[in-house]
Amino acid sequence: MVQNYLKIAWRNIKKHKAFSFINGGGLTLGIASCLLLLLYVSYHLSFDHQFKNLDNIYVVENNQHGDGQIYTFASTPGVAAAAIKAEVPGVVQSVRVDNYGGGSLISYKNNSFKKVGLYADSAFFSMFSYHFIKGNPLTSLTQPNSIVITADFAKTLFGDADPINKMVTRNNNLPMIVTGVIDNIPANESYQFDFVMPYAQFENDNVWAKGQNWGHNFCQTYVQLKDVGSLNRANSILKSIVARHSTGNTNQLFLFPFSKTHLYQKFENGRSVGGSISQIHLFEALALCILLIACVNFMNLSTARSEERAKEVGIRKAIGSNRASLIWQFITESLILSFVSTIMAVIILVLCLPFFNTLLKIKLSLPISDWSTWILILSIALVTGLLSGSYPAFYLSSFQPIKVLKGMFKGGGSALPIRKVLVVVQFAFAVFLITATICVYRQIRFIQGMGNGYDKNNLVEIPMEGELGKKAEVLINELKTNGAITNATGTSQSITQNGSNTWGISWPGKDPKQQILVDIFYAGYDFTHTTGVKLLTGREFSPDYPIDTNSKTPTVMINETAAKIMKLKQPVGSIIKYGDQPATVVGVYKDFVWGSPYSKIPPMVTFCDGYGGSVLAMRLNQAHSISSNIDQINKSLKAINPAYPPTISFVDSEFELKFENEKVLAMLANLFGGLAIIISCLGLFGLAAYAAEQRTKEIGVRKVLGATVSNLAGLLSKDFLKLVLIAIVFAVPVSIWVLNKWLQNYEFRIDLSWWIMTLASIITIVIAMATVSYQAIKAALANPINSLRSE
């Protein structure tokens, strides 16, 4: 019996190749889109989930009160880890991690490579269960000159030789011994690194990190508890641990599950309020909706052939087939199409993954060796086949053979309203997706159009490393002489990446109870001329003023937000304090975006660093081509700092990374929204075909009586236009509500103008009418003799 079902089903599919192609194509697109979205969702849900003790690992978060709100961040004092281990019951181990200046030059013999590394306490590999290919995870970081490297880096350095106990050199002056080799770091892990060094080395590199300073937050601290039941007691002790060790310090620490740091990274008033998880839920819903739309389309396209299949059902029932066997026959057809579509969808998925990874800059892969992957794929195929085939099967098998064979059959009367409702839902979804795509792109453009406060074009940055730290002035003068640059300045970090801040800035007239978080930035000479930051009043740092670099009486520049908050009558010449250190304000500059472009710009105080800093920013000479300027910079860098490969970053490209998350959201909404609309149009195509089939004789009569092609096309199209208009009526208020909630996440945001809704509605109407027009015109052009000959 089953063999007979399969044989007949396959014959029906082959007999109607065009119909099967369209029906199977819709299912293929739907299943492929669903699988790709689920793969993307799985990638993010499994972030940092490869560690054995994951449920008991926590990151120490830090709550700071000020400005009438609570700031939450994961930076802690370096001394916190030891204190937590000693004072909090239930703590198995605590670990400090820092990637401060983690980029290092690692050399072996005559080969040198610039790689990214971490500093970590010796218990790091005990807490985080990285797989060791060679070495002992418990002892690999116990010696201050030890280093653990990844498998790829080991291959790069040593080829096939055994790396253990090999001597490498870090930054051309520090010998280190390889004590371990671990598997390569998965792409969906928070920390991406090529090597790990002992935390003691970090303290040797940065003397300021030593000591018992509870007011300096600079490293991440991780804690492993015995069990989840210890969490509440641990947090109650951590809440006051800073105050017990540092009188007057109101910071409060608490433990947050490490497994949630990737998706629940947004905090408000000291509590987690979500984060990227909202986008993940959005894509889960989108995957489900696309699959349901594909199933609905299958139903619409199947029932569109009801007139033809009715005769088949009538004959089968007349020769003895019961309804159950007919139901299984139709479901078998849908299952075959579903499984074939799933196979095609997997092939499309595999072919599209490289493009998708490049587009989103991630590393998705189909885990074909994991049996659960195939169970999921087979389950989707089975559920899709049963879901999409059930309604046509029950509907078609219900036809009465006497009415069908006598020509008295009129199919679809009771089923049509259901399909109309489904079309309304489909196109309401389409209106929302189009509206969302326009809104996201406009929000990005709005923020980009606000300006960043400096000229990012023709501005490049290079890291101050090796000999360059001592010879920055030589490099600047050489590049100015040969015409490659016009100005240069050193900065404490890239102008596109925010850094440290403090509560410790005071000024004349400040309320002692007032707490204001102020950004601290170090810049060199010619800062405003180099970056294009506008100087509003006073002067900038210059070698003509030796006082600028005087450590006892330093000078500072402040941004306009700081000047407004301080309410100084004459900012230039005023004395402010950083802790107990007085400093003279010599200039006020216009605000520029240092951190998030979506947030208000905080007050900033800039200290002079002369020719120092960790980054050298340079303004390229526009009189020459960019390529010739870069060639000159590379040439000078190789001569002055030969041990380090030149690393040049364009500030405009780095600044664009701030919009990466929104761009990914827009691309995914655009891509899968487009696919959802295409699949919806297939369903509308099926419904139009069904309507044309049902009204064949009516169209013939109207045409005989003088109706034109345009009259008939309009007659068939207006019913579908009504459905689309109903969809718009439902979709517009929902879109306004959802998108307004999304826009509330941004300090600076667009207004949802009426034209956005209008444009989305017009696009939807045009797409829908273009889809229906083909069937409408085809029906209107048909010869009425063919439809009326039996009358």
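**Salt bridges, a bent helix and a nonpolar patch**

User: Let's start with Glu465. Is Glu465 buried or exposed?

Analyst: Glu465 counts as buried, at 13% relative accessibility. Here buried means under 20% relative accessible area, exposed means over 50%, and partly exposed lies in between, with a 1.4 Å probe and protein chains only. The areas come from the Shrake-Rupley method with that 1.4 Å probe, and for residues only the protein chains shown count as cover.

User: Good. Anything I should know about the model itself?

Analyst: This is a predicted model, where local features need pLDDT of at least 70 and side-chain atom pairs count only at pLDDT 80 or more, while totals for chains, interfaces and linings use all residues. Residues are numbered from 1 along each chain as its sequence is written, and side-chain values use heavy atoms, leaving out hydrogens and water.

User: Back to Glu465, then. Which residue does Glu465 form a salt bridge with?

Analyst: With Lys114, and the closest N and O atoms are 2.7 Å apart. A salt bridge is a side-chain nitrogen of Lys or Arg within 4 Å of a carboxyl oxygen of Asp or Glu. The pair ties together parts that are 351 residues apart in sequence, because Glu465 lies in the loop between strand S16 (459-463) and helix H15 (468-481) and Lys114 in strand S6 (residues 111-120). Helices (H or I, at least four residues) and strands (E, at least two) are DSSP runs, numbered from the N terminus. Lys114 is partly exposed, with a relative accessible area of 29%.

User: How many salt bridges does the structure hold?

Analyst: There are 14 salt bridges. One of them joins Arg244 to Glu87, with 3.1 Å between the closest N and O atoms. That pair links distant parts of the chain, with Arg244 in helix H8 (residues 241-245) and Glu87 in helix H3 (residues 80-87), 157 residues apart.

User: What about the exposure of Arg244?

Analyst: Arg244 is partly exposed, at 45% relative accessible area. Glu87 also counts as partly exposed, at 30%.

User: And which residue pairs with Glu560?

Analyst: Glu560 forms a salt bridge with Lys590, and the closest N and O atoms are 3.7 Å apart. Glu560 lies in helix H17 (residues 560-566) and Lys590 in the loop between strand S24 (581-589) and strand S25 (604-608), so the two tie together parts 30 residues apart in sequence. Glu560 is buried, with a relative accessible area of 17%, and Lys590 is partly exposed at 38%. Elsewhere, salt bridges that share partners join Arg96, Asp121 and Glu203 into one network.

User: Changing topic: backbone. What's the phi of Asp48?

Analyst: Asp48 has a positive phi of about 65 degrees although it is not a glycine. Most residues other than glycine have a negative phi. Asp48 sits in the loop between helix H2 (17-45) and strand S1 (57-66) and is buried, with a relative accessible area of 1%.

User: And Lys109, what's its phi near?

Analyst: The phi of Lys109 is near 60 degrees, again a positive value in a residue other than glycine. Lys109 is in the loop between strand S5 (103-108) and S6. Lys109 is exposed, with a relative accessible area of 69%.

User: Helices next. Where does H22 bend?

Analyst: At Ser717, by about 30 degrees. The bend at a residue is the angle between axes fitted to the seven residues ending there and the seven starting there.

User: So how far does H22 reach from its first C-alpha to its last?

Analyst: Helix H22 (residues 709-743) has 35 residues and reaches 47 Å, close to the 51 Å expected at 1.5 Å a residue. The expected span is 1.5 Å times one less than the number of residues.

User: Last one, the surface. Which residues make the nonpolar patch?

Analyst: Val340, Ile343, Met344, Ile347 and Leu351 make a nonpolar surface patch of about 470 Å². Patches take residues with over 30% relative accessible area and no salt bridge, joining like charges within 9 Å and nonpolar side chains (Val, Leu, Ile, Met, Phe, Trp, Tyr) within 5 Å. Ile343 is in helix H11 (residues 323-360) and is exposed, with a relative accessible area of 55%. An α-helix has 3.6 residues a turn, so residues three or four places apart point the same way.
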